[in-house]
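User: I am new to this structure and would be grateful for a close look at one part of it, the main nonpolar core, together with what surrounds it.

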Amino acid sequence: ESLKRLLVGAVQRLSGTGGDPVVQLQTNFGGGKTHSLIALYHLFSGKAPAELPGVELVLKEAGVRTLPQVRRVVLVGNRLSPGNPVTKPDGTVVRTLWGEMAWQLGRAAVGNGAEAYAVLADEDREGISPGSEKLARLFERYGPALVLIDEWVAYARQIYGKEGLPAGSFDANMTFAQSLTEAARAAKNALVVASIPASDIEIGGEGGRAALERIQNVFSRVESVWKPATSTESFEIVRRRLFQPISDFAARDAVCRAFAEMYQNNRAEFPPECREANYEERLRSAYPIHPEFFDRLYEDWSTLDRFQRTRGVLRLMAAIIHELWLRQDGSLLIMPGLTPLDSPPVRFEIIRYLPEGWSAVIDRDIDGTNSRPLHLDSGNPNLGRYSDCRRVARTVFIGS
């Protein structure tokens with residue numbers, strides 16, 4: 001849904017019928033930033049809508065019949081070196097982000113990057129940011145323009161506290177960020193979409209934090225709101241990647257209905273959300289994985305800096321599902337209590353996100369041949385409803 005809104009807004013903006021001039025994509029690892037940039041790049045590739053599945057729906061919602069001819073600019077911070085000017089095929093020497101943007105824009109519009117670069121040549125050579133009015137004129141002359149920026153913080157942190165680089169100073173680059181957003185708003189035919197990190201690992205040190213704060217402050221004045229995939233959509237993403245399409249819908253519905261009825265009939269023993277009318281639908285959307293498992297991963301584990309949200313969930317669930325398949329587990333739903341933490345691949349996938357020392361904790365208190373829960377199970381076969389202490393321990397671990 002958020003991707004569709006982004007594409008619809010982009011079509012409206014670059015068609016001159018509305019839309020926001022600036023979009024900031026910010027989320028943790030695996031939140032969909034790169035996929036959103038790629039989708040925009042392909043949407044305005046010049047192909048007919050019929051060649052791109054789903055685009056006709058985007059055009060209908062945007063209220064246009066055809067896609068505009070858009071000039072695309074791609075700036076990837078970790079692919080550009082602030083200290084090394086680049087000589088283009090036509091002999092143009094580019095030093096700064098704004099010089100690179102102008103050259104790409106001209107090449108896309110008229111096949112001659114040097115012509116557009118000449119508009120900002122002085123600013124590029126001197127490492128000073130062009131004003132927003134000059135950038136707006138550049139967009140109006142060579143637009144409609146789509147500017148996609150990835151890893152901007154990674155680029156800016158390299159010049160933090162340094163002077164005399166060809167790319168210009170840190171302050172000059174932050175001034176360019178402000179001029180660029182103001183120019184996009186003024187030009188009426190330009191869209192700037194920037195990917196901004198949210199985790200400390202991606203930000204990287206004092207320079208990264210300073211760059212992130214400045215860029216966020218600039219974008220917050222004019223940006224539109226973008227959100228990553230919802231939790232329900234994430235269920236579907238993981239299921240499509242890890243399972244074949246469901247064919248036995250009757251079996252799925254019977255399982256989900258049985259779980260929903262159990263929650264309804266035992267109201268005092270389950271959280272209140274399990275009793276809501278739409279919980280059976282949530283069970284169906286996540287099947288054959290229990291939605292509570294997804295909730296714990298997306299809401300709790302994804303707050304860890306190294307856990308890459310959807311990507312991390314995919315990696316972990318792939319390891320779990322593979323191990324359960326090898327063990328021929330016949331459970332109706334995959335639940336937190338089924339996490340085979342005694343399996344080395346699953347164990348590694350879990351503890352790779354945690355501080356050192358957790359492997360010993362799992363061995364002792366949660367799962368494994370010498371774990372206390374296994375010994376409790378072996379020595380107390382008459383514990384009744386809690387006869388599988390390992391499942392209880394696994395569930396507590398996943399949810400804590």
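Analyst: The following account moves from the whole protein to the core and then to other parts of the chain.

The model is a predicted one. Its secondary structure comes to 20 helices and seven strands. Along the principal axes, the C-alpha atoms fill a box of roughly 85 × 50 × 35 Å. The protein has 400 residues, of which 47% are buried. Among contacts between residues at least 6 apart in sequence, 71% join residues at least 24 apart.

The largest nonpolar core holds 44 residues, and M101, F139 and W152 are the ones that touch the most other members. Two or more residues of this core come from each of strand 2 (71-76), helix 4 (97-110), helix 7 (132-142), strand 5 (145-150), helix 8 (152-156), helix 9 (170-187), strand 6 and helix 11 (205-219). Helix 9 gives the largest share, nine residues.

F139 serves as a good place to begin. Leaving aside residues up to four places away in sequence, F139 touches M101, L105, A145, V147, L180, A183, A184, A187, N189 and A190. M101, one of these partners, is itself among the residues that touch the most other members of the core.

V73 offers a second view of this region. V73 is found in strand 2, an element that gives two or more residues to the core. With a relative accessible area of 1%, V73 is buried, because buried means under 20%. Residues up to four places away in sequence not being counted, V73 touches M101, Q104, L105, L146, V147 and L148. M101, L105 and V147 are thus partners of V73, and these three residues also appear among the contacts of F139. G16 lies elsewhere: 57 residues separate G16 and V73 along the chain, and their C-alpha atoms are separated by 19 Å.

S195 shows a polar residue in strand 6, which spans residues 190-197. S195 is buried, with a relative accessible area of 4%. The side chain of S195 makes a polar contact with the side chain of D150, at 3.1 Å. Apart from neighbours within four places in sequence, the residues in contact with S195 are L25, K33, L37, I149, D150, E151 and W152. D150 therefore appears in both descriptions, since a polar contact is a pair of N or O atoms within 3.5 Å and contact means heavy atoms within 4.5 Å. W152, also in contact with S195, is one of the core residues that touch the most other members.

Two charged side chains are placed over aromatic rings. The charged end of R72 sits over the ring of Y41, 3.9 Å from its centre. The charged end of K88 sits over the ring of W103, 4.7 Å from its centre.

Aromatic rings also pair with one another, and the structure holds nine such pairs. In one of them, F294 and Y298 are tilted, with 6.3 Å from centre to centre and 45° between the planes. F294 and Y298 both lie in helix 15 (residues 291-300), where they are four residues apart, about one turn of the helix. F294 is buried, with a relative accessible area of 0%, and Y298 is likewise buried, at 5%. Elsewhere, ring pairs link F259, Y263, F270 and Y279 into a cluster.

Y279 leads on to helix 14 (residues 279-286), whose buried residues are Y279, R282, L283, S285 and A286. These residues lie on the same side of helix 14, because they cover an arc of only 165° around the axis.

The later part of the chain can be followed through helix 16 (309-326) and the loop between helix 16 and helix 17 (344-351), which is the place of S343. S343 is buried, with a relative accessible area of 3%. Not counting residues up to four places away in sequence, S343 touches E323 and R327. L326, by contrast, is found in helix 16 and is exposed, with a relative accessible area of 54%. L326 and V392 are 66 residues apart in sequence and 22 Å apart in space, C-alpha to C-alpha.

Definitions and conventions
Residues are numbered from 1 along each chain as its sequence is written. This is a predicted model: local features need pLDDT of at least 70, side-chain atom pairs count only at pLDDT 80 or more; totals for chains, interfaces and linings use all residues. Side-chain values use heavy atoms; hydrogens and water are left out. Buried means under 20% relative accessible area, exposed over 50%, partly exposed in between (1.4 Å probe, protein chains only). A polar contact is a pair of N or O atoms within 3.5 Å; within protein, one must be able to donate a hydrogen and the other to accept it, and residues adjacent in sequence count only if both atoms are side-chain atoms. The arc is that of the directions from the helix axis to the C-beta atoms. Rings of Phe, Tyr and Trp (its six-membered ring) pair if their centres lie within 6.5 Å; planes under 30 degrees apart count as stacked, over 60 as edge-to-face and the rest as tilted. A charge sits over a ring if NZ of Lys or CZ of Arg is within 6 Å of the ring centre and within 35 degrees of the ring normal. A nonpolar core is a set of buried Ala, Val, Leu, Ile, Met, Phe, Trp, Tyr and Cys residues joined through side-chain atoms within 4.5 Å.
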